[in-house]
Amino acid sequence: MTDKKEMNMDNNKIRPVVCVSRCLGFDHCRWNGDTINDSFVNLLKDYVDFITVCPETDIGLGIPRNPVRLTRGGSEGEVRMIQPATEEDCTIRMREFSHRELDKIDRIDGFLLKNASPSCGINNIKLYASAEKGSMIGKTSGMFAAVAQEKYPHAAFEDEGRLHNFVLRENWLINIFTIARFRELNKASKISVLYDFHARHKYLFMSNSHNKMQAMGHILANHDKMNLTEIFQEYEKGLMELLALHTSIPRRINVLMHMFGYFSKELNPEERQYFLNILEEYRRGSMPFIVPIELIRNWALRFNTEYILNQIILEPYPKELLLLSDSGSGRNIKR
Ligand code: SF4
């Protein structure tokens, strides 16, 4: 078992690798020469390693440039990227660039892309019947983002617009840091580190899916007599499926009750009732998760409950990234 000093050191060392749209504060590369100053992206710079990309300038469209749009002639037709002002078809250049750039990356934990862009937008990008003015016929992914999602189906994808929402941002942070912790572990290639990883993530994983967490435990039990590489591969598959599910308030309450069980007998009736009241407020959405989790941490310190103190759910990403000040309206949003 890793002691808590070591765990904290690990958390501080982990730096997820994130591919980010360059116009999000890294360069003035938007079609009109602008950049977007996003305070969360600025904050992240101290905690993640960014790989920046601007597909449109990188294929030579220039700054400033005429906008591009995505078109599809007929329901079975291929999606194409056209620049209406010049009638230039950029499809092949954009596809080749996307494959080439993404092939160069040997490790990626997440993507943070500009929303509403025909190149970078993850989804909901307007699709037209032709380059001429006309009505929209549907929605699709931006061309670079589509290739990225195809190549890295398990990376954590978000756009900067959705990350203004507290819940979506927290899910994304949990996922990029968990994937990054797993990648670090993979280098060690020892089954013991995988056991330890699973034990320390128990309550975090349980808050996404109890069944998936148990299935990952069965992989570690290795009844099928797999070799180490196969165990890591199967475990990774299970991990990615689990992270794709995200958490929910009822599942988190279930986890908090499990953790509470470690010391409830040591507490007086008023303390127990206080915790249950906090949980009720959390269930109603009027209290953030950090409040009950800090109570648990406090009791784990008081009763020296090492197993709980080692749980990643107490701090799944650097606490400096926990911004509670925005998006109250989106706190309960579902994907
Ligand atoms: S959205 Fe993508 S292509 Fe457009 S300016 Fe930003 S980085 Fe470049």
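In this predicted model, Ile-36 is in contact with Cys-23, Leu-24, Gly-25, Arg-30 and Lys-114, once its neighbours within four places in sequence are left aside. Ile-36 itself lies in the loop that runs between β1 and α2, the latter spanning residues 39–44. A distance across the model may be added for orientation: the C-alpha atoms of Ile-36 and Glu-236 are separated by 35 Å, the two residues being 200 apart along the chain.

Strand β1, which precedes the loop of Ile-36, belongs to an open sheet of 4 strands. The order in this sheet is β2-β1-β6-β9, and the pairing is parallel. At its edges stand β2 (49–53) and β9 (156–159), each of which pairs on one side only. On average, and with direction ignored, neighbouring strands of this sheet are turned by 20° against each other. The pairing of β6, residues 110–113, with β9 can be followed in detail: the two strands run parallel and are joined by 4 bridges. Within this pairing, Phe-111 has Phe-157 of β9 as its bridge partner. Across the sheet lies helix α5, residues 143–151, which is placed over β1 (17–21), β2, β6 and β9. The helix runs at about 170° to β6.

A second open sheet is built from 5 strands, in the order β5-β4-β3-β7-β8, and here the pairing is mixed. Strands β5 (88–89) and β8 (136–140) are at the edges with a single partner strand each, so one side of each is left without a neighbour in the sheet. Strands of a sheet pair through backbone hydrogen bonds, in either a parallel or an antiparallel manner. Two of the pairings in the mixed sheet illustrate the antiparallel case. Strand β3 is joined to β4, residues 80–83, by 3 bridges, and the two run antiparallel; in this pairing Leu-70 stands opposite Met-81 of β4. Strand β4 is in turn joined to β5 by 2 bridges, again antiparallel, with Ile-82 opposite Asp-89 of β5. The hairpin of β4 and β5 has 4 residues between the strands, and in this hairpin Glu-87 takes a positive phi near 60°.

Two further backbone features occur in loops. The peptide bond from Ile-63 to Pro-64 is cis, with omega near -10°, and Pro-64 is found in the loop between α3 and β3. Asn-222 is a residue other than glycine with a positive phi, here near 55°. Asn-222 lies in the loop that links α9 (210–221) to α10 (228–245).

Which elements line the largest pocket of the model with two or more residues? They are α3 (55–58), β3 (69–71) and β7 (125–128), and β7 gives the largest share, 3 residues. The pocket has a volume of about 540 Å³ and is lined by 27 residues. Of these, Glu-56, Val-68, Ala-116, Ser-117 and Pro-118 lie nearest its centre. By residue type, the lining divides into 15 nonpolar, 5 polar and 7 charged residues.

Enclosed space is also present, with 2 cavities of 30 Å³ or more. The largest cavity holds about 40 Å³ of space. Its lining consists of Asn-171, Ile-174, Asn-175, Leu-204, Ser-207, Asn-208, His-246, Thr-247, Arg-252 and Ile-313. Helix α6, residues 166–188, gives the most to this lining, with 3 residues. In composition, the lining of the largest cavity counts 3 nonpolar, 6 polar and 1 charged residue.

Finally, the domain division may be set beside these elements. According to the domain assignment, the protein is divided into domain 1, made up of 15–64 + 91–126 + 140–164, and domain 2, which covers 249–315. The centres of domain 1 and domain 2, taken over C-alpha atoms, are separated by 38 Å.

Definitions and conventions: Residues are numbered from 1 along each chain as its sequence is written. This is a predicted model: local features need pLDDT of at least 70, side-chain atom pairs count only at pLDDT 80 or more; totals for chains, interfaces and linings use all residues. Side-chain values use heavy atoms; hydrogens and water are left out. Two strands pair if DSSP finds at least two bridges between them. Axes are lines fitted to C-alpha atoms, for helices over the stretch in contact, and angles run from 0 to 180 degrees between N-to-C directions. Contact means heavy atoms within 4.5 Å. On a 1 Å grid over the protein atoms alone, a cavity is a set of points where a 1.4 Å probe fits but cannot get out, and a pocket is an open set with protein on both sides within 12 Å along at least five of seven lines; lining residues have an atom within 4 Å of a point. Grid points are joined across faces, edges and corners, and a volume is the space filled by probe spheres set on the points. Ala, Val, Leu, Ile, Met, Phe, Trp, Tyr, Cys and Pro count as nonpolar, Asp, Glu, Lys and Arg as charged, and the others, Gly among them, as polar. Domain bounds come from an automatic or database domain assignment.
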